[in-house]
Amino acid sequence: MASQPGFLIQKPQRGQRTEISGQVIVNCLEITRLPQNSFYHYDEPRDVNNSCLSRREQDRRSSTMATDPAHELQFQSGSTATFNVTMEGGKKLYPITLTLVGTINPTSIRPAPGRLVLNVDTTLGLVYRNGDVLELLSEFIGVRDIRELEHRISGTGGDRPSRVKTAVKQFLKGLRVTFVHRRNVHPKAISGIIWESAKTHTFFEDKSGREISVAEYFEGKNHRLRYPNLPIMAKFGQHSAVPLELMRVAKGQIYRGVIPERVQQEMLKISTKKPFQKLGDLERSLESLHHQTSPYLYNSGMQIGTQFMKVNARVLRPPTLRLGQNRQVELSLRDKTKVGAWNMTDKQVWSAPNFSTLVVVRTTKRFENLNIIMRMVEIWKTMGITFRDVMPVECLNPPIDKALDQQIRPRWEPLSEEGRRTMVVLVIVEESDKEKRDCVKWWGDVCRGIITQVVKFTKLQDKGFDQYARNLGLKINAKSGGINYVPSQLDSTVFGPQDRTMVIGLDTSHPGPGSVTPTTAAMVYSIDRRGVDYRCKIEFQPARKELVERLNHMVSSALRDYYDINGNKIPTKIIFYRDGVSEGQFEQVARDEIATTLSALAWVADRVKEPIPSLTFIIVGKKHHVRFFPDRNLADGKDNALPGTQFSHDLCHIYQIATRSVSIPAPVYYADKLASRFPIFFYEVETDNSTVSSGDRSWEAWEKDVAKVNESLKERKQDTFARMFWL
């Protein structure tokens, strides 16, 4: 008889596994009195012919009307109506047209146990700098001069044009610009990109009717272009084409595209503050919110507290980790300098494959010190990660995938199947060479089934080389099928001695703004009883579709894999972590994805004549704005909350490529990393379609390419997909 699915994780009782107790300040204000009245807000369609002053007055009067419940306006027909109002202190009537645009959803109001709270936080945005469009675009792409930009767009600089064009489009599309040659024209938004130079793009002149190039046109207007051969122009409306060198960025615009890696690092430096500096900033910002003087709140009867809340907190005792040679790591919360962290000095990994060959590939002339590689290999040997031989090769000329085949094929072909699976290709690249990294990963993961590791050569010159080498060894071992460490004893309510527990992590990765590349749905699932060793399933679906279309297939396929690996037994418990879901989608996920998962569990259980596994479905919310500011006894050396103040505590200590606890369970991180590998899986596809920016293609145009990639990935089931290659 099949058992009924149920929830199985229990909150630890007070004192059970509790290491430290105390309080944390939360950046939330308690709502002490809920609204007693309805209140309304209206937005008016603005007439572009009105002066700025009249628009401000109308806006101000509209807002005043909206704060008083007595001024509820009746829309007799449709959602737009015209009303006669007076300005404050006056008697003259003015007609104002208002449109009912919908109900305001106060997203900063959060539900909490027994109450509602107002979440107060700050955020950081990226703003376009004022200046020459062509200069700023070159800086954004990362080129030294306009000639290099021309080469990269045309594909003669070693890069795939499609990737460069996607980045150009993200920077330019929708950007409001002013014009050097028409200074009195108001800023206009770029509506599209023309991938042609001013010298070759022609049109028929209105006056003469003759066909001329854009470059000739502007030369006739006394604007001789400096870069007539640059194969890109901005489009305005249906027909206007303007060279980039004639435009400047208008002031005050937020960049909403994908942020480059180097910019992300700079933003982190700017935004990173110590916890109590952040708390001080938030407390000072409360005055600017005017909660105590707002006529909106006063007329609604709503009251909000003036001080951030304090809540009780307990820090759970960290698990003990087991390594090779029966060594253990005892983690303590008492030593604030090492809280939640350990290192691999004088320690060996739990298990490692019998590695065959380490191929060291040099792709930059700036790295010549191969002795440092041999030193790193010796460090790995002390960790229990041993290679039979090390082979240096050079691949200095693109394309690197063909160079790798040419250099390495003679080495791997004589090897046995096991020897190929345990070969590792270590590729040394320039700083931030993402193009080369994606090509290497595509070659290894999709084409050859060989483990690759890309290393920036500057990392091999840093003072912290020993620690870096050990962390790199952990990555190589984990992605090759080894296990670095395991928990000595997991929570018995989840991983009991009679339980067969599978942990699942599911995430979706969507294309950036303005792009319609497919959404990637990535699922990882444990195949061992400790929740440490994972396999994966990947599906591709139309852009920005959050709910996973083929979830039934992914879950049932994962259970079949577990069944084959674990002696023809399916799990008795499923812990399912779902990442990437907004609060507005909770109900839909509960209705569709949980039901789909239960259906898949029941289907597989019926086929193998076993009980239906219990299911605990947990939504992981990373992109929230709730911050904890702990008491001193609950803080680490940097005043951050101690590890263990979060749920799923044990699974936060088994992230295989870090020697410290992480903030969310390891399978959630794994699913996130796997979902972000779309550019790697589709590397060849985007190369073949290099004349078209990938962001411009419809889902129908992508379907053939998705089928092609799926076929390639199926061929890698016995090598790439038989280990945690995404680490």
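Strand β8, residues 176–179, is joined to β9 by two bridges, and the strands run antiparallel. Across from Ala189 in β9 stands Arg176. The model in which these strands appear is predicted.

Strands β8 and β9 belong to an open sheet of four strands, ordered β7-β15-β8-β9, with antiparallel pairing. At its edges are β7 (131–132) and β9 (188–189), each of which pairs on one side only.

Aromatic rings come next. The count of aromatic pairs comes to 26. In one of them, the ring centres of Phe140 and Phe171 are 5.0 Å apart and the planes meet at 40°; tilted pairs lie between the limits of 30 and 60 degrees, so this pair is tilted. Phe140 sits in helix α2 (residues 133–141) and Phe171 in helix α4 (residues 161–172), so that the pair links distant parts of the chain, 31 residues apart. Both Phe140 and Phe171 are buried.

Elsewhere, one aromatic cluster is formed by Tyr534, Tyr655, Tyr669, Tyr670, Phe721, Phe725 and Trp726. Trp726 also leads into the nonpolar interior: the largest nonpolar core has 69 residues, and Phe681 and Trp726 are those with the most contacts inside it. Helix α16 (residues 666–675) supplies the largest share of this core, six residues. Leaving aside residues up to four places away in sequence, Trp726 touches Val524, Tyr534, Arg535, Cys536, Tyr670, Lys673, Leu674 and Arg677. Another core, of 38 residues, lies apart from the largest one, and among its members are Leu175, Ile232, Ala241 and Leu244.

How values were computed. Residues numbered from 1 in each chain as written. Predicted model: local features only at pLDDT ≥ 70, side-chain atom pairs only at ≥ 80, totals over all residues. Heavy atoms only, no water. Core = buried A, V, L, I, M, F, W, Y, C linked by side-chain atoms within 4.5 Å. Buried < 20%, exposed > 50% of the residue type's maximum accessible area, 1.4 Å probe, protein only. Contact = heavy atoms within 4.5 Å. Pairing = 2+ DSSP bridges. Phe/Tyr/Trp six-rings, centres within 6.5 Å; stacked < 30°, edge-to-face > 60°.
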